[in-house]
Protein chains: 4
Amino acid sequence: MRNHQEMKNRIRVGILGATGAVGQKFVELLDGHPWFEITELIASERSAGKSYRDATGWLGRKAIPDTMANVTVRGVKEKSDCDIVFSGVDSSVATELESGYASEGLSVISNARNFRMDPTVPLLIPEVNPEHVSLIKSQTWPNDGFIITNPNCSTVGVVCSVKPLFDAFGLQALHVTTMQALSGAGYPGVSSLDIQGNVLPFIAGEEEKVETEPLKILGTFVDSVPSPVVNNEEFAISAQCNRVSVVDGHLISISVRFKENASLEDVESAFRNFNSPSEVAGLPSSPDEFLTFFEDPNGPQPVRHVMLGGGMTVSVGRLKRCSVLDYRFVALVHNTIRGAAGGAILNAELLVSKGLIKSRAN
Amino acid sequence: MRNHQEMKNRIRVGILGATGAVGQKFVELLDGHPWFEITELIASERSAGKSYRDATGWLGRKAIPDTMANVTVRGVKEKSDCDIVFSGVDSSVATELESGYASEGLSVISNARNFRMDPTVPLLIPEVNPEHVSLIKSQTWPNDGFIITNPNCSTVGVVCSVKPLFDAFGLQALHVTTMQALSGAGYPGVSSLDIQGNVLPFIAGEEEKVETEPLKILGTFVDSVPSPVVNNEEFAISAQCNRVSVVDGHLISISVRFKENASLEDVESAFRNFNSPSEVAGLPSSPDEFLTFFEDPNGPQPVRHVMLGGGMTVSVGRLKRCSVLDYRFVALVHNTIRGAAGGAILNAELLVSKGLIKSRAN
Amino acid sequence: MRNHQEMKNRIRVGILGATGAVGQKFVELLDGHPWFEITELIASERSAGKSYRDATGWLGRKAIPDTMANVTVRGVKEKSDCDIVFSGVDSSVATELESGYASEGLSVISNARNFRMDPTVPLLIPEVNPEHVSLIKSQTWPNDGFIITNPNCSTVGVVCSVKPLFDAFGLQALHVTTMQALSGAGYPGVSSLDIQGNVLPFIAGEEEKVETEPLKILGTFVDSVPSPVVNNEEFAISAQCNRVSVVDGHLISISVRFKENASLEDVESAFRNFNSPSEVAGLPSSPDEFLTFFEDPNGPQPVRHVMLGGGMTVSVGRLKRCSVLDYRFVALVHNTIRGAAGGAILNAELLVSKGLIKSRAN
Amino acid sequence: MRNHQEMKNRIRVGILGATGAVGQKFVELLDGHPWFEITELIASERSAGKSYRDATGWLGRKAIPDTMANVTVRGVKEKSDCDIVFSGVDSSVATELESGYASEGLSVISNARNFRMDPTVPLLIPEVNPEHVSLIKSQTWPNDGFIITNPNCSTVGVVCSVKPLFDAFGLQALHVTTMQALSGAGYPGVSSLDIQGNVLPFIAGEEEKVETEPLKILGTFVDSVPSPVVNNEEFAISAQCNRVSVVDGHLISISVRFKENASLEDVESAFRNFNSPSEVAGLPSSPDEFLTFFEDPNGPQPVRHVMLGGGMTVSVGRLKRCSVLDYRFVALVHNTIRGAAGGAILNAELLVSKGLIKSRAN
């Protein structure tokens, strides 16, 4: 149906870790994408050579896209010929694999934590810190390869919701308590015997990420010579992370202390009036609303509101004064869409729109 | 089996609101109680005249106690002839009904919120503020009647867990995020369609209680003349309350700021070494451990730990430094036992042990 | 956007019981319908005069359609001026209300049980017994009013899945065990305290419906004079109904005994090759596939497959020989779409396509 | 507290697969057992040498028994010195391991499926077929070793509930639909992402067991020479097995066809009047009631009734005529107590009471 011209200019995408939970989400979200075309499904040697359908315990509510079901999975040791690699692999192998693809000149858009805090690697949320993409100038992979990363899923919920407040009033302190969904643990992830009718008060490694990543994301980009840098923000973040029996959607209770005075109306206005930067608003995966503000105290709720904006909109509600810090509210983020695969795709779209990723097919 | 002497001295108990969720818990917990004997099951006129079995949609995992199943329920308008009334009625009727019983000279042990903040009414947790019972001297009901109250279930979890820290280091601020169980909403309470796989970020009226009640409970008792008073504490409390899909057990994420410096070891020691006052430790409903401290980061969890100490032990875990305040931890309280019926029974036991409630049967 | 001509010919729809769970589903599913336009939202006097948004505790995952949110709800006592009334009211009031609308000459498409077994009323599933619509000729409401009904939600799952087998091999016996979703009980419906981690082995009135309604639906239409009749089928049906902790989708374990011999391949072919009658296949709410057959033993599952065909496709799987009867399988039906509001809309579409419902607006 | 004489005569028990879900249940249930004393905790080489606390991800609601927590786990390759081995190992290793212990002269009480259908091995439920124990005379392990087995957990629910009917009216056909609990799949078992708000219509290998094991259990013991045998019953059994989101307790919908006529009252009487054989009734793990009959159509329910009789009582309810077979009812069995570890312990108690297991310690 697509004409030849269109095809020639489409950007060829490989999904690294295609059979895992995040990898599957990439496949689901990229089905019908106007710019990107999955040309490689890459997984461990165990899956290599099988059809994607056979290699994958597909978790999606919708069936595997027809165009992908019979694609033969490539092993991670095979050479890739695509423009972008979206990486959903586990951190235990991410350093080696992602470095490998970057060395070959590919654009690596990673969901893993390994390179997030590397000072040369953008930790990117397009609506929050689009200027950080230029950090890739300081990367030294051969053949123009580079790595960009998206933050931890809970970090995304925190940063997206505080960004308007950070811009308007400055942040002195951030106090976070999460109620995180099961899909955040991957598959098979959390045993049903552990979570049925229960809450787990601990998620290994999670609190550390929430307490550090926002400082980089909200940091100031300095286009210094010879290499640009990001000067991290400095404010206190405290996080305690819980797992609840919800499939998708991290609900996060947040208190903030501002640098400047703000009335309740000021804060509500900041939430309501924040708009995506114009360079982001037109991207294919950019939602109509970056943030939705709930006046109704019953919102947001995971099952009812997690799919707003196709899972790319972050919801905030329950705004009120905090007797200890300044204000409290709750935020809801779709952890596997905005907080993982969807966020990574939007990152890639930003890079394409800036001319930093191009189709090299010919 | 019991001899006549024993029977004569047993304290006769009426359960007000006996068919409701809290009333049923009183019936369940008082089955076999060494001091108290339920002699009246009191409910609305709709239930009056029916057997307790027929009037009640029994919720318990164990059957209705044999001794209670065939008791005829009394209407609230009948005159009562007992020593104590345990009240589990809704706040919409509690003021009128509880006043009525107090006026008749009964000891009213209430779970309702109506009289909690009345300056003449003890808001009592025996291990925390046993001296507050003497506030009843300032009550002016005829015939020696009086009212004492136990706190909101979430307040109980907060206050029991911070009490050792309050004693050791003083409190400047308390930051609370709750994940509350379904049984706290009574029966039928929360619709399954609202909570299946979901979290509700709002519980009407709850946050106000958690932000005020602790200040009274931790207040200083002054045995002034002519009437004793409690001088409420003054520190900031911030609460945000969520409902999760758990049957029993409120899990609460708490951050504290102290007046004095304390190392992590100091805080852990305060938790581990806090003991019930000796006047409480021997009471029938007093658990072996008032607090249990979890070193294992996976504890406490509602389904696994809510029944420690028969539901009367409060659990704390996940202790760590808080980057924003001083320390963070989570607490778990059985909301319908320690946080409601069990707490009320322990309150009554304290009063009996102090000679403030006596059997008037003859 | 729509031109005047189009608007003039659209069929004006009233939703009776618009604020209830089924009524809301009608509103959700009719949003954007090519033929039907909701012109009246009708509910009890308690809701009358309020905006639909204010009168309704909206349950949907998507927001209330913009076109409906501010519509003023009519009371049931007001006179209606529309072409069709879709009824989602409770059986306690359905007889009176639905009769009233039929008497005024309206086409009543009812989801209530009251008229289902009336011999003059079609109990209709378009793909199964479209010829039954002609039963309305035997109705004697003034002004050309009539009533048609759709079956109980579990009946729908049973009948849709056995229809191909009934046609191919005849039915001697049907043995049914249901695992029914929470939304079938309406809102607030089942208390979370009753169903959390539980199964309820009883649903009042349900088994009787499943044991009788299929005999009428699968009955033979005889176009006798003066009035057509349906001769009910006669075979044994046994049903036991359970409630499980699933939001949407009744899963039903079914065993069948045939009149004729059939191999496993024959049965599978019957499932796979059954097609919607051509008069139904093109209707707006008709799914691409009436039945989906799962070879994978892990399907169908409520959360993964309930939305196939927009909730209008019935899924079957786990086909195998039954040692006691002839064959066993499981069926999955979306209880509030195919089994209620969606089924009723498809019924109305069938009547429109047959010229039995027309726009009377002018 | 126990005197020396008592200690000398206690029977020394080894738990094979002690760190697994079933093994843990053995440890939990044997805590404080009057006859048995766990002297060995046996697990894979991976766990060997560790303390039981460290080797085990303890699942129980109560803590690990103090007497067990610090016991050093033995590897399966070490020689055992105990009287009984309770086996909770996976079927992949059960044949080899259980044979090994039987060869050494130990009494092996197995929960695995491997030897269940071996004609020389009792498939035992003490209240149902106690005479089958004598089958062990036909076993030829050296040193008086032998193996007995308990049935699959669903089989146990089916057979316990139909036993009174089988005795009274004979069985021609049995039609079974299960709704099985999560704990039946072991730990970690079912992923929360697969079962949250869902039903799974397939459990690998389960239906085959339910369709065959009852025929052996209900078979006739013939004390033939030289070796006794069991002649299996012959009637049709059809099973379809589902997984539901319940922690403990398989709920089973059962239809039966009898050989003889029976009124509804006859069937109810058979359920109500069935008593454990006297040789079983006095055993330590025998519940007061083998079966509980529910007149209330709302019972039995997993969360409310699974712990009747300490988890050893099987509940039946929803009795009614079946239009297809003769009668229908539902049964509830605690799958890891009556259906696994508790059943195995009762089996061992029966053997001890018959003098077939003795303490060999001296």
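## Inside chain D: a strand and its neighbours

Let's start in the middle of a sheet: Ile109(D) sits opposite Ile148(D), a residue of strand S6(D). Keep in mind as you look around that this is a predicted model. S6(D) covers residues 146–149, and strand S5(D) pairs with it in the parallel sense, with 4 bridges between them.

What does S5(D) have on its other pairing list? Strand S4(D), residues 84–87, is also joined to S5(D), again by 4 bridges, and these two strands run parallel. Here Ile109(D) turns up once more, as the bridge partner of Phe86(D). To get from S4(D) to S5(D), the chain passes through helix H5(D), residues 91–103, and this β-α-β crossover is right-handed.

Now zoom in on S5(D) itself, residues 107–110. Which way do its residues point? Ser107(D) and Ile109(D) point one way, while Val108(D) and Ser110(D) point the other way. Buried or exposed? All of these residues are buried.

## How chain D meets chain B

Next, step out to the level of whole chains. How many residues of chain D are in contact with chain B? The count is 5 residues of chain D against 5 residues of chain B. On the chain D side, they break down into 2 charged, 2 polar and 1 nonpolar.

These two chains can also be laid on top of each other. Turn chain D by 180°, with 0.1 Å of shift along the axis, and it superposes on chain B with an RMSD of 0.0 Å. The two copies are therefore related as by a two-fold rotation axis. Which C-alpha of chain D is nearest the axis? It belongs to Gly197(D), and it lies 3.5 Å from the axis.

The contact residues tell a matching story. Of the interface residues of chain D, 100% are also interface residues in chain B, so the copies meet through the same surface.

## How chain A meets chain B

Chain B also touches chain A: 36 residues of chain A are in contact with 35 residues of chain B. Which parts of chain A supply at least two residues each to this side? They are strands S7 (171–180), S10 (236–243), S11 (250–258), S13 (314–321) and S14 (327–333), along with helix H11 (302–305). S10(A) gives the largest share, 5 residues.

And what kinds of residues are these? The side of chain A that touches chain B has 19 nonpolar, 14 polar and 3 charged residues.

Key. Residues numbered from 1 in each chain as written. Chains lettered and ligands numbered in written order. Predicted model: local features only at pLDDT ≥ 70, side-chain atom pairs only at ≥ 80, totals over all residues. Contact = placed C-beta atoms within 7 Å. Nonpolar A, V, L, I, M, F, W, Y, C, P; charged D, E, K, R; others polar. Least-squares fit on C-alpha atoms with pLDDT ≥ 70 in both. Buried ≥ 20, exposed ≤ 12 C-beta atoms within 10 Å, placed from the backbone. Pairing = 2+ DSSP bridges. Right-handed = clockwise from strand over helix to strand, strands pointing away.
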